[in-house]
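Colleague: Please take one buried part of this model and describe closely what lies around it. I should then like to see how that part relates to the rest of the chain.

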Amino acid sequence: MISLEWMPPLMFGGLVIFMLIGFPVAFSLMAAGLFFSLIAMSEGFFGMAFLQAIPQRIFGSVLANDLLLAIPFFTFMGAILERCGLAEEMLDSMGQLFGRVRGGLGYSVIIVGFILGAITGTVAAQVIAMAMISLPVMMRYGYNMRYATGVLAASGTITQLVPPSLVLIVLADQLKTQSGSADVGSMYLGAWGPSLLQIALFALYTFFLARIRPGDLPPAPEGELTLKGWSLWKKCLLGIIPSAVLIFLVLGTIMTGIATPTESGAMGAMGALLLAWIRRANIPNLKGLIREAYQNTMRITAMVVFILIGSTCFSVVFQGVDGGRWVEELFSSLPGGWIGFLIVVNLFVFFLAFFLDFFEIAFIVVPLLAPVAVKLLSPVLLDSMNGNPQAAASAALVWFGVMLCVNMQTSFMHPPFGFALFYLRGVAPKEVKSGDIYWGALPWVGLQLIMVVVVMAFPALVTTLLDKPAAIVQSQDFNFTGEENKSDNSTSKVDEDGPVSFQLDKSVK
């Protein structure tokens with residue numbers, strides 16, 4: 001005999017056991033959900049009819065979800081841009097522009113990583129492309145190996161946060177509650193502040209390191225700087241202008257309301273194909289590139305859909321055994337109020353990221369935490385949203401989602417399971433030691449954790465660009481009966497600017 005209170009923690013424990021056995025995450029979610037559904041039905045917690053919600057949600061919330069169509073479009077766009085030669089030209093021109101400055105190659109990698117993150121949205125493509133181009137040059141110039149590998153991995157993971165990040169799209173789909181929801185446009189607007197601040201933090205770290213240990217970040221030799229004047233600026237603009245056009249096609253159309261995320265993703269994919277056709281002289285096999293991009297898109301999309309189906313199966317059964325109430329009571333009773341909630345959640349997500357991909361965290365954990373986040377964080381933002389509770393609820397979800405996005409960047413960086421480190425190890429020369437890659441990542445993980453604290457402490461960094469609707473004003477009713485009117489006049493004051501409705505208790509002849 002198992003009590004209802006024990007079912008939610010047992011489901012989480014069972015999920016961990018399924019994954020430790022070696023099952024893929026999608027099938028572990030399905031197996032845990034179906035296994036515990038049999039236990040729940042045998043104990044009488046719900047009947048067979050309750051499980052009809054699983055296929056209904058799979059077809060209604062997964063396969064028929066228009067928002068999720070943006071994922072294959074952005075994946076295809078990133079796969080095309082990865083191989084069209086744009087990264088090479090931008091890194092070369094930026095390296096020439098900042099070459100005379102100590103740490104100049106570091107600045108160029110950070111800036112190019114930010115620009116590529118705004119047009120590709122894929123970590124693997126960005127880390128591999130920049131490492132293959134920049135790491136040999138940094139080694140030739142005498143850069144400290146730990147700094148070189150760290151800045152390459154960190155600038156690649158910025159694509160997790162910079163719109164049009166796939167993480168933001170997935171989080172916007174999962175952050176939906178009865179009180180409010182986070183749409184993709186709001187997530188993109190909220191992510192710009194932390195994105196720019198994080199780039200500034202990376203550049204500031206490079207600046208101070210160049211002053212403290214100038215030998216580790218030397219300037220480029222004069223013989224390597226072949227471009228000057230207008231020819232240098234022309235090469236920089238030839239890389240930046242196509243990127244700016246693509247950024248407007250993808251982000252500008254969403255933020256101005258011209259297109260939905262799916263439509264902007266389609267325009268971005270077409271823009272990437274057009275850019276690849278224009279640069280076809282630099283691409284040995286354009287048809288092969290497009291075919292490979294289609295295959296990569298198909299693999300990633302299939303993985304996302306299977307994880308979504310598995311998480312749907314798990315979450316339906318979890319809600320059937322009152323798992324949502326269990327999570328809410330667990331996190332609402334933490335000491336410290338909303339601050340304690342954010343600290344515990346961020347530590348929880350940070351450690352989960354050692355073992356799980358961001359898709360898995362988003363589909364398993366985020367839907368359970370979203371109702372608690374709305375309950376605890378909405379009052380914090382109520383004044384900044386002009387006292388509008390609906391706007392405060394949606395802004396709280398955006399703030400919470402962007403904070404998790406900043407946190408989940410570390411899943412690609414912290415040793416020993418960071419995927420960005422695996423990508424870097426795969427393309428780095430043999431003389432680059434794995435220890436240098438792992439130790440080099442730690443300062444940048446620290447910088448990302450500082451960003452988590454900053455976003456937690458200053459929600460305005462996320463919510464400043466969000467729409468702030470007018471406050472909901474309650475009308476005031478005043479009864480004009482003789483005695484009550486006298487007493488009210490002596491003890492209360494009426495807001496002269498507020499709308500007042502008058503109600504008479506006695507009929508007027």
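**A close look at helix H9**

Modeller: Setting aside residues up to four places away in sequence, Ile169 touches Leu67, Ala70, Ile71, Phe74, Val184 and Tyr188, where contact means heavy atoms within 4.5 Å. The model is predicted, so local features need pLDDT of at least 70 and side-chain atom pairs count only at pLDDT 80 or more, while totals for chains, interfaces and linings use all residues. Residues are numbered from 1 along each chain as its sequence is written, and side-chain values use heavy atoms, with hydrogens and water left out.

Ile169 is one of the buried residues of helix H9, a helix that runs over residues 166-174. Helices (H or I, at least four residues) and strands (E, at least two) are DSSP runs numbered from the N terminus. H9 is mostly covered, with nine of its nine residues buried. Buried means under 20% relative accessible area, exposed over 50%, and partly exposed in between (1.4 Å probe, protein chains only). The buried residues of H9 include Leu166, Val167, Leu168, Val170, Leu171 and Ala172. Asp173 and Gln174 are likewise buried in this helix.

Ile169 also has a place in the largest nonpolar core, which has 161 residues. Such a core is a set of buried Ala, Val, Leu, Ile, Met, Phe, Trp, Tyr and Cys residues joined through side-chain atoms within 4.5 Å. Ile169 and Leu171 are among the residues with the most contacts inside this core, together with Leu175, Met187, Phe341 and Phe400. The largest share of the core, 15 residues, comes from helix H18, which covers residues 389-408.

Helix H18 can be followed through one of its residues, Met403. With a relative accessible area of 1%, Met403 counts as buried. Beyond its neighbours up to four places away in sequence, Met403 touches Leu342, Asn346, Val452, Val455 and Met456. Although Met403 and Val452 are 49 residues apart along the chain, their C-alpha atoms are separated by 6.2 Å.

The buried Asp173 leads back to H9 from another side. The side chain of Asp173 meets that of Lys176 in a salt bridge, with 3.6 Å from N to O. A salt bridge is a side-chain nitrogen of Lys or Arg within 4 Å of a carboxyl oxygen of Asp or Glu. Side chains of opposite charge can pair when their charged atoms come close. Asp173 counts as buried because its relative accessibility is 8%.

How many salt bridges does a search of the whole structure find? The search finds three. Besides the pair at H9, Asp436 forms a salt bridge with Arg146, and their closest N and O atoms are 3.4 Å apart. Asp436 lies in helix H20 and Arg146 in helix H8 (residues 145-157), so this pair ties together parts that are 290 residues apart in sequence. Helix H20 itself covers residues 434-457. The two partners are covered to unlike degrees: Asp436 is buried at 17% relative accessible area, whereas Arg146 is partly exposed at 39%. Outside its neighbours within four places in sequence, Asp436 is in contact with Met145 and Thr149 as well as Arg146. A further salt bridge joins the side chains of Asp216 and Arg213, at 2.7 Å from N to O. In that pair Asp216 is buried, with 18% relative accessibility, while Arg213 is partly exposed, with 42%.

Helix H10, residues 184-212, offers one more view through Ile199. Ile199 has a relative accessible area of 14% and is therefore buried. Apart from its neighbours within four places in sequence, Ile199 is in contact with Ile110, Phe114 and Ile158. The C-alpha atoms of Ile199 and Tyr107 are separated by 9.7 Å, and these residues are 92 apart along the chain.

These details may now be placed in the whole protein. The protein has 22 helices and two strands. Of its 509 residues, 51% are buried. What share of the contacts between residues at least 6 apart in sequence joins residues at least 24 apart? That share is 77%. The pair of Asp436 and Arg146, tying together parts 290 residues apart in sequence, shows such a link between H20 and H8. In H9, by comparison, the account begins and ends with a helix whose nine residues are buried.
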